[in-house]
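Colleague: Could you walk me through this structure? I would like to ask about a few residues and then about how the pieces fit together.

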Amino acid sequence: MVLSPSGFYNSTGRPMTTRTSTGPAMAALHERHQREDEAAGQHGNALYSVSQLARQLGVTARTIRFYEDKGLVNPSRAGTTRVYTSRDRARLMLILRGKRLGFSLREIKDYLDLYDVDPTQHTQLRQLLAGVRKRIAKLQEQRAALEQSLAELADIERQSENALKQAAK
């Protein structure tokens with residue numbers, strides 16, 4: 001049995017129906033994830049393995065397991081295999097985006113946890129706005145510090161070039 005973005009396939013590459021071929025436990029798991037995805041406004045019912053998600057998101061499987069260990073994603077299991085839903089994939093995409101933008105894992109976790117607590121997402125959006133504003137302010141401070149460093153380095157460069165010209169005369 002192989003897990004692909006569009007479902008389970010047997011060793012010959014033929015699609016397997018979740019009800020008959022993977023057993024009642026997997027069928028129930030798949031149906032539960034479909035309901036969760038639909039409730040979350042997602043229409044995909046795809047299930048992913050850790051290696052598939054890693055490949056799609058451009059990270060290592062170890063990275064995804066790290067985020068799982070930190071409580072940022074909570075995949076289901078089919079036996080010993082981690083099974084990720086479209087919702088898990090979306091959470092991972094938000095985690096990676098948050099990291100790329102400089103947010104800490106704690107800030108990302110707090111933000112993601114609000115999704116389940118506040119169905120209106122007003123609290124989540126307020127927290128996001130506050131975090132974004134804080135991050136913008138920090139980046140602007142860093143930009144000012146970089147501009148100052150660049151100006152000082154340019155001055156040193158100019159002085160060094162002038163000193164070399166004077167020495168060559």
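Colleague: Where is the place of Thr81?
Modeller: Happy to start there, with the reminder that this is a predicted model. Ala78 stands opposite Thr81, and Val50, 31 residues away in sequence, is 8.6 Å from Thr81, C-alpha to C-alpha. The element that holds Thr81 is strand β6, residues 81-85.

Colleague: Is Thr81 buried, partly exposed or exposed?
Modeller: The relative accessible area of Thr81 is 40%. Buried would need a value under 20% and exposed one over 50%. Thr81 is therefore partly exposed.

Colleague: And Glu68, is that residue buried or exposed?
Modeller: Glu68 is found in helix α3, residues 61-69. Its relative accessible area is 15%, and the limit for buried is under 20%. So Glu68 counts as buried.

Colleague: Which residues is Glu68 in contact with, leaving aside neighbours within four places in sequence?
Modeller: Two of the partners are in strand β6, which covers residues 81-85: Arg82 and Tyr84 are both in contact with Glu68. With neighbours within four places left aside, the list for Glu68 is Val73, Pro75, Arg77, Arg82 and Tyr84.

Colleague: What is the order of the strands in the open sheet?
Modeller: Two bridges join β4 to β6, and three bridges join β5 to β6. Both pairs run antiparallel. The open sheet of three strands therefore has the order β4-β6-β5.

Colleague: Why is one side of β4 and of β5 left without a neighbour in the sheet?
Modeller: β4 (47-48) and β5 (76-78) each have a single partner strand. One side of each is left without a neighbour because both strands stand at the edges.

Colleague: In β6, what is the bridge partner of Tyr48?
Modeller: β4 and β6 are joined by two bridges and run antiparallel. Leu47 stands opposite Thr85 in β6. For Tyr48, the bridge partner in β6 is Tyr84.

Colleague: Which residue takes a positive phi in the hairpin of β5 and β6?
Modeller: That hairpin has two residues between the strands. A positive phi near 75 degrees is found there, and the residue that takes it is Gly79.

Colleague: What is the phi of Gln121 near?
Modeller: Most residues other than glycine have a negative phi. Gln121 lies in the loop between α5 and α6 (122-168) and is partly exposed, with a relative accessible area of 23%. Its phi is positive, near 65 degrees.

Colleague: Let us turn to the interior. Which element gives the largest share of the largest nonpolar core?
Modeller: This core has 19 residues, and those with the most contacts inside it are Leu53, Ile64, Tyr67, Tyr84, Leu92 and Ile95. Two or more residues each come from α2 (50-57), α3, α4 (86-100) and α5 (105-117). The largest share, four residues, comes from α2.

Colleague: Which residues is Leu53 in contact with, leaving aside neighbours within four places in sequence?
Modeller: Leu53 is among the residues with the most contacts inside the core, as are Ile64, Tyr84 and Leu92. Leaving aside neighbours within four places, Leu53 is in contact with Tyr48, Ile64, Tyr84, Arg89 and Leu92.

Colleague: Is α2 roughly parallel or roughly perpendicular to α3?
Modeller: The axes of these two helices come within 8 Å and cross at roughly 110 degrees. Angles of 65 to 115 degrees count as roughly perpendicular, so α2 is placed in that class relative to α3. The contact is made by Val50, Leu53 and Ala54 of α2 with Ala61, Ile64 and Arg65 of α3. The relation of α2 to α3 is thus roughly perpendicular.

Colleague: At about what angle does α4 run to β6?
Modeller: α4 covers residues 86-100. This helix lies across β4 and β6, and the angle to β6 is about 80 degrees.

Colleague: Last one: over which residues does pLDDT stay under 50?
Modeller: For the protein, the mean pLDDT is 80, and 74% of the residues reach 70 or more. The stretch you ask about has 41 contacts in the model beyond four places in sequence. pLDDT stays under 50 over residues 1-23.

Notes. Residues are numbered from 1 along each chain as its sequence is written. This is a predicted model: local features need pLDDT of at least 70, side-chain atom pairs count only at pLDDT 80 or more; totals for chains, interfaces and linings use all residues. Side-chain values use heavy atoms; hydrogens and water are left out. Buried means under 20% relative accessible area, exposed over 50%, partly exposed in between (1.4 Å probe, protein chains only). Contact means heavy atoms within 4.5 Å. pLDDT is the predictor's confidence in each residue, from 0 to 100. A nonpolar core is a set of buried Ala, Val, Leu, Ile, Met, Phe, Trp, Tyr and Cys residues joined through side-chain atoms within 4.5 Å. Axes are lines fitted to C-alpha atoms, for helices over the stretch in contact, and angles run from 0 to 180 degrees between N-to-C directions. Angles under 35 degrees count as roughly parallel, over 145 as roughly antiparallel, 65 to 115 as roughly perpendicular and the rest as oblique.
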